[in-house]
Amino acid sequence: DESDEAEVVLQTAAAFAARYQARLSLVQVVETPPPIPQFDFVPYKKEVMDAAEVRLRELKGRFGIDAAHAVIDGPVLDELMPILQIHDQKTSTFIL
């Protein structure tokens with residue numbers, strides 16, 4: 001998200017990864033509304049996704065973070081669970 005707390009968490013995660021020589025990956029899940037007949041959100045989806053991408057790149061640049069990142073669309077838990085399962089198989093630690 002775009003809170004001050006999120007920036008502190010990002011800086012802390014980067015410091016933690018550097019300290020333990022761990023790889024840091026950043027994921028931002030954007031929950032766009034489901035389609036409804038009264039409003040078509042599809043034209044705005046790309047704009048929202050692109051804005052999230054720019055935000056992640058800016059934060060990485062501001063804090064000097066060299067990490068892979070992704071912006072994905074969907075319900076937060078539905079999108080993060082497969083990522084968590086992949087990391088669980090490869091590593092013993094995952095911080096969310």
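## Exposure and the model

A residue counts as exposed when its relative accessible area is over 50%, as buried when that area is under 20%, and as partly exposed in between. By this rule Arg57, at 53% relative accessibility, counts as exposed. The structure described here is a predicted model, and the terms for exposure recur throughout the report.

## Salt bridges between distant parts of the chain

Side chains of opposite charge can pair when their charged atoms come close. The structure holds 5 salt bridges. One of them joins Arg62 to Glu7, with the closest N and O atoms 3.0 Å apart. This pair links distant parts of the chain, since Arg62 belongs to helix α2 and Glu7 to helix α1, 55 residues apart. The two partners may be placed by their accessibility: Arg62 is partly exposed because its relative accessible area is 48%, whereas Glu7 is buried because its relative accessible area is 16%. Glu7 and Arg62 also belong to a network of salt bridges, in which Arg55 is linked with them.

A second bridge to consider is the one in which the side chains of Asp73 and Lys45 meet, at 2.8 Å from N to O. Here too the pair links distant parts of the chain: Asp73 is in strand β2 and Lys45 in helix α2, 28 residues apart. Asp73 counts as partly exposed because its relative accessibility is 23%. Lys45 likewise counts as partly exposed, at 33% relative accessibility.

## Glu53, Arg57 and His69

A further salt bridge is formed by Glu53 and Arg57, whose closest N and O atoms are 2.9 Å apart. Both residues lie in helix α2, 4 residues apart, which is about one turn of the helix. Glu53 has a relative accessible area of 23% and is therefore partly exposed, while Arg57 counts as exposed at 53%.

Glu53 has another partner in His69, a residue of strand β2, which covers residues 68-73. The side chains of His69 and Glu53 are joined by a polar contact of 2.7 Å. A polar contact of 2.8 Å also joins the side chain of His69 to that of Lys60.

## The aromatic cluster

A pair of aromatic rings is described by the distance of the centres and the angle of the planes. The structure holds 4 aromatic pairs. One of them, formed by Phe39 and Tyr44, is stacked, with 5.8 Å from centre to centre and 10° between the planes. Another, formed by Phe41 and Tyr44, is tilted, with 6.2 Å from centre to centre and 45° between the planes. The description as tilted follows from the angle, because planes under 30 degrees apart count as stacked, those over 60 as edge-to-face and the rest as tilted. Ring pairs thus link Phe39, Phe41 and Tyr44 into a cluster.

Which member of each pair is covered, and which is open to the surroundings, can be read from the accessibility values. Phe41 counts as buried because its relative accessibility is 19%. Phe39 counts as partly exposed at 42% relative accessibility, and Tyr44 counts as partly exposed at 41%.

## A nonpolar patch on the surface

Phe39 and Tyr44 also take part in a nonpolar patch on the surface, together with Ile36 and Val48. The accessible area of these residues together is about 350 Å². Within the chain, Phe39 lies in the loop between β1 (25-30) and α2 (42-63).

## Arg19, Tyr20 and Gln21

The charged end of Arg19 sits over the ring of Tyr20, at 5.2 Å from the ring centre. The next feature concerns the backbone of Gln21, which has a positive phi of about 50° although Gln21 is not a glycine. Gln21 lies in the loop between α1 (4-19) and β1. With 76% relative accessibility, Gln21 counts as exposed, because a relative accessible area over 50% is what the term exposed requires.

Definitions and conventions
Residues numbered from 1 in each chain as written. Predicted model: local features only at pLDDT ≥ 70, side-chain atom pairs only at ≥ 80, totals over all residues. Heavy atoms only, no water. Phe/Tyr/Trp six-rings, centres within 6.5 Å; stacked < 30°, edge-to-face > 60°. Buried < 20%, exposed > 50% of the residue type's maximum accessible area, 1.4 Å probe, protein only. Lys NZ or Arg CZ within 6 Å of the ring centre and 35° of its normal. Patch = residues over 30% accessible without salt bridge, like charges linked within 9 Å, V, L, I, M, F, W, Y side chains within 5 Å. Areas by Shrake-Rupley, 256 points an atom, 1.4 Å probe, with all protein chains shown as cover. Salt bridge = Lys/Arg side-chain N within 4 Å of Asp/Glu carboxyl O. Helix = DSSP H or I, 4+ residues; strand = E, 2+ residues; numbered from the N terminus. Polar contact = N/O pair within 3.5 Å; in protein donor to acceptor, adjacent residues only side chain to side chain.
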